[in-house]
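The following exercises invite the reader to work through a protein model step by step. Each task is followed by a worked solution.

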Amino acid sequence: MQLRAMAFDHPDAVKLNDRVQLEYVERYGDGEGDVTPLAPSMFAPPSGLYLIAYDGDRPVATGGWRSQDANPLGYADGDAELKRMYVIPEARGLGLARRILAALEADAREAGRVRMVLETGDMQPEALALYASSGYLACGKFGHYREYDSSRCMAKPLS
């Protein structure tokens, strides 16, 4: 498996994002998926990074981070926000999410970010377990879904 930095609007990224959106709809039953506003420029270095894991030429996993600073949505100065972590079902259990997470944390640290934050939901127990086992702790809610009961926000210092 190879990790490649790609644009958030690359066709492979769009294809995997469409798949994760379908999974969100299935898990949460809301018909929308994640409607957090995202733009490709948010993931452009040095203010972010978007990775795709490939098995040969086949895209099988994604993840990205984007810079955040203090704002009315609850972020703090120096935050790096994890977005669109996803592994296709056929590639789960191979350690890809951990590999992507470690690469994103390292890149955000090198970019001068001080804390990685993420928002996931209570219907994603695999994600919650991954993040908890990677040193993430519950934190104050932030972002688009901060007022949803099902939202779970976590953070990890990058120092």
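**Exercise 1. A pair across two strands**

Which residue in β7 is the bridge partner of threonine 120?

Solution. The model is a predicted one, and the solutions below should be read accordingly.

Step 1. The bridge partner of threonine 120 in β7 is arginine 152.

Step 2. A further pair can be located in β7, where alanine 155 stands opposite valine 117.

Step 3. The strands β5 and β7 run antiparallel and are joined by 7 bridges.

Step 4. Strand β6, residues 137-138, is also joined to β7, by 2 bridges, and these two strands run antiparallel. Here alanine 138 has methionine 154 of β7 as its bridge partner.

Step 5. Of the 7 residues of β7, 5 are buried, so the strand is largely enclosed by the rest of the structure.

**Exercise 2. The order of the sheet**

Determine in what order the strands of the open sheet are arranged, and which strands stand at its edges.

Solution.

Step 1. The sheet has 7 strands in the order β1-β2-β3-β4-β5-β7-β6, and its pairing is mixed.

Step 2. The edges are occupied by β1 (2-5) and β6; each has a single partner strand, so one side of each lacks a neighbour in the sheet.

Step 3. Strand β2 (residues 48-55) pairs with β3 in the antiparallel sense over 8 bridges. Within this pairing, tryptophan 65 of β3 is the bridge partner of leucine 49.

Step 4. The two strands β2 and β3 form a hairpin with 2 residues between them, and glycine 56 in the turn has a positive phi of about 70 degrees.

Step 5. On to the next pairing: β3 and β4 are antiparallel over 7 bridges. The bridge partner of glycine 64 in β4 is lysine 83.

Step 6. Strand β3 (residues 58-68) is mostly covered, with 9 of its 11 residues buried.

**Exercise 3. One face of a helix**

Identify which residues of helix α3 are buried, and state where they lie around the helix axis.

Solution.

Step 1. Helix α3 spans residues 125-133, and its buried residues are Ala127, Leu130 and Tyr131.

Step 2. Viewed down the axis of α3, these buried residues fall within an arc of 90 degrees, so they line one face of the helix.

Step 3. A general rule assists here: an α-helix has 3.6 residues a turn, so residues three or four places apart point the same way.

Step 4. The elements against which the buried residues of α3 pack are β4 (79-87), α2 (96-110), β5 (115-121) and β7 (151-157).

Step 5. After α3 comes glycine 135, with a positive phi near 95 degrees.

**Exercise 4. Pocket and cavity**

Describe the largest pocket and the largest cavity by volume and lining.

Solution.

Step 1. The volume of the largest pocket is about 890 Å³.

Step 2. Its lining consists of 36 residues, and those nearest the centre of the pocket are Tyr24, Met85, Thr120, Gln124 and Ala127.

Step 3. At least two lining residues are supplied by each of α1 (11-28), β4, α2, β5 and α3.

Step 4. By class, the pocket lining comprises 18 nonpolar, 7 polar and 11 charged residues.

Step 5. A search of the whole structure for cavities of 30 Å³ or more finds 1. The largest cavity has a volume of about 40 Å³.

Step 6. The largest cavity is lined by Thr36, Tyr75, Glu81, Lys83, Glu119, Phe142, Gly143, His144 and Tyr145. This lining divides into 3 nonpolar, 3 polar and 3 charged residues.

**Exercise 5. Backbone details**

Which residues are joined by a cis peptide bond, and is arginine 84 buried or exposed?

Solution.

Step 1. The cis peptide bond joins proline 45 and proline 46, with omega at about 5 degrees. Proline 46 is placed in the loop between α1 and β2.

Step 2. Arginine 84 belongs to strand β4. Although arginine 84 is not a glycine, its phi is positive, at about 55 degrees.

Step 3. The relative accessible area of arginine 84 is 5%. Buried means under 20%, and arginine 84 is therefore buried.

Note on methods
Residues are numbered from 1 along each chain as its sequence is written. This is a predicted model: local features need pLDDT of at least 70, side-chain atom pairs count only at pLDDT 80 or more; totals for chains, interfaces and linings use all residues. Side-chain values use heavy atoms; hydrogens and water are left out. Buried means under 20% relative accessible area, exposed over 50%, partly exposed in between (1.4 Å probe, protein chains only). Helices (H or I, at least four residues) and strands (E, at least two) are DSSP runs, numbered from the N terminus. The arc is that of the directions from the helix axis to the C-beta atoms. Contact means heavy atoms within 4.5 Å. Two strands pair if DSSP finds at least two bridges between them. On a 1 Å grid over the protein atoms alone, a cavity is a set of points where a 1.4 Å probe fits but cannot get out, and a pocket is an open set with protein on both sides within 12 Å along at least five of seven lines; lining residues have an atom within 4 Å of a point. Grid points are joined across faces, edges and corners, and a volume is the space filled by probe spheres set on the points. Ala, Val, Leu, Ile, Met, Phe, Trp, Tyr, Cys and Pro count as nonpolar, Asp, Glu, Lys and Arg as charged, and the others, Gly among them, as polar.
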